Amino acid sequence: RPNLWCGNPKFHDFLNQFVPVFSEKFWPTIWCFEARAQTVFASLLRSRIAPISYSREIFQLSDGGEVCLDWTEPTRFADSAPRPVVIFLPGLTGHSQSDYIKSLVKAALKVNATAVVFNNRGRGGIGIKTPKTYCGACSLDFSEIVCYVRRKYPTSIVVAAGISLGGLILGNYLATNGSKARIYLDAAMIVSVPWDVLKGTVSLEKPILNLMLNRHLAGCLAQSLDLVKHQFETVDGKWNIELALAARTIREFDTHFTSKQFGFSDLEEYYKAACLHDKIHRIKVPTLCLSARDDPFQPDEAKENTPKSSQSDLVRFCYETKSDSVSELQQWMEFLPMARVRGGKEKY
């Protein structure tokens, strides 16, 4: 049974009423009980999900860049009331056709919600217009997107769900904007984030399996950069494209490229800026945060740095059993029906 910490009794009761998974016990499959094995097996299962047919919108950002928003709506409308809107923020190199995003989008459609996937710059099959990509510490692009979605759906409940790096971006947006974020978002969900990015990075460098995953992700980052490197080669920047393309770990890639691109003096300054564990008290939007105790992106000892309760409307949700948050989608997708609550705009 998951552990649930909440600093607000009203929000705690609301979750218990509308998210029944909190009262259920989780038993990992006996032949697939280890977190990384669950991640691989779940990915194989979800790879069978057919591509989703989205309606694509190219959104022009204020600095001249662009991102693509992929929209889809339920085919049958349960009622005439304004449908909730769920904004999904994929992980490190994810996009709208990533298997875990497709699973979530389908879950949103089942609860009669409009789903939109916010693909980061250079993701989703499009290039970049300016020498800028994305990072966990910068939420400016998402800030523009969420304002746009609210203008487009002024009477709908709008919820955002960020996974891994997408959760960092969402969390930093919430912490940076405080109460102002409630103008645009009614609720949020942060899944499988490295609360302390410094410790999460160390965890991902442990041999053998964590390091293998690390190198795979670093390779994906390098491939993504290789597609858009021409935008950076003509600009006098502090980054080193060649070393970034040769990076074998996320730390190396961020050292030579990401931290330099976003103006940080070094890697440590960037990772500290991206951390969420010391910003929870600044989040004023009702937010459900889900982590697994053996998540390779965030060791359990690092989670202990995260307050279990605060004066913010924050919930932290952890499995006592061994489980990977991303692989056990069914356990946390049930947050989405909360968006159906009408009358709603609950004030906590």
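**Inside a predicted fold**

Of the protein's 348 residues, 59% count as buried (buried means under 20% relative accessible area, exposed over 50%, and partly exposed in between, with a 1.4 Å probe and protein chains only). This is a predicted model, so local features need pLDDT of at least 70 and side-chain atom pairs count only at pLDDT 80 or more, while totals for chains, interfaces and linings use all residues. Residues are numbered from 1 along each chain as its sequence is written, and side-chain values use heavy atoms, with hydrogens and water left out.

As for confidence, the mean pLDDT of the protein is 84, and 77% of its residues reach 70 or more (pLDDT is the predictor's confidence in each residue, from 0 to 100). One stretch does less well: over residues 324-331, pLDDT stays under 50, and the model has 32 contacts there beyond four places in sequence (a contact means heavy atoms within 4.5 Å). Where pLDDT is low, the predicted coordinates should not be read in detail.

Now for the overall build. The protein has 13 helices and nine strands; these are DSSP runs, with helices being H or I of at least four residues and strands E of at least two, numbered from the N terminus. Among contacts with a separation of 6 or more, 77% come from residues 24 or more positions apart. On the outside, about 15,000 Å² is exposed, and carbon and sulfur atoms supply 54% of it (accessible areas come from the Shrake-Rupley method with a 1.4 Å probe, and for residues only the protein chains shown count as cover).

Aromatic rings come next. A search of the whole structure turns up ten aromatic pairs. Rings of Phe, Tyr and Trp (its six-membered ring) pair if their centres lie within 6.5 Å; planes under 30 degrees apart count as stacked, over 60 as edge-to-face and the rest as tilted. One of the pairs is Phe 59 with Tyr 148, a tilted one at 5.1 Å centre to centre and 55° between the planes. Phe 59 belongs to strand β2 (residues 55-60) and Tyr 148 to helix α4 (residues 140-152), so this pair ties together parts that are 89 residues apart in sequence. Both Phe 59 and Tyr 148 are buried. Elsewhere, one aromatic cluster is made up of Phe 232, Trp 239, Phe 253 and Phe 257. A ring can also have a charge over it: the charged end of Lys 152 sits over the ring of Trp 71, 4.2 Å from the ring's centre. That label applies if NZ of Lys or CZ of Arg is within 6 Å of the ring centre and within 35 degrees of the ring normal.

What about cysteines? The structure holds zero disulfides, a disulfide being a pair of cysteine sulfur atoms within 2.5 Å. Cys 68 is buried, at 0% relative accessible area, and Cys 275 is buried too, at 2%.

A few spots in the backbone stand apart from the usual pattern. Most residues other than glycine have a negative phi, and most peptide bonds are trans. The peptide bond from Pro 207 to Ile 208, though, is cis, with omega near 5°. Ile 208 sits in the loop between α6 (197-204) and α7 (209-228). Asn 112 has a positive phi, near 65°; it lies in the loop between α3 (99-110) and β5 (114-119) and counts as buried at 8% relative accessibility. Ser 192 also has a positive phi, near 50°. Its place is the loop between β7 (187-191) and α6, where Ser 192 is buried at 2% relative accessibility.

Finally, some buried residues show how the chain folds back on itself. Gly 136 lies in the loop between β5 and α4 and has a relative accessible area of 0%. Its C-alpha atom is 9.1 Å from that of Gly 171, 35 residues away along the chain. Beyond four places in sequence, the contacts of Gly 136 include Leu 165, Tyr 270 and Ala 274. Gly 124 is in the loop between β5 and α4 as well, buried at 18% relative accessibility. From C-alpha to C-alpha, Gly 124 and His 95 are 5.2 Å apart, with their positions 29 residues apart in sequence. Among the residues that Gly 124 contacts beyond four places are Arg 56 and Cys 68. Ala 175, in helix α5 (residues 165-177), is buried at 4%. The C-alpha atoms of Ala 175 and Lys 279 are 6.1 Å apart, though the two residues are 104 apart along the chain. Ala 175 contacts Lys 279, Arg 282 and Ile 283, leaving aside neighbours within four places.
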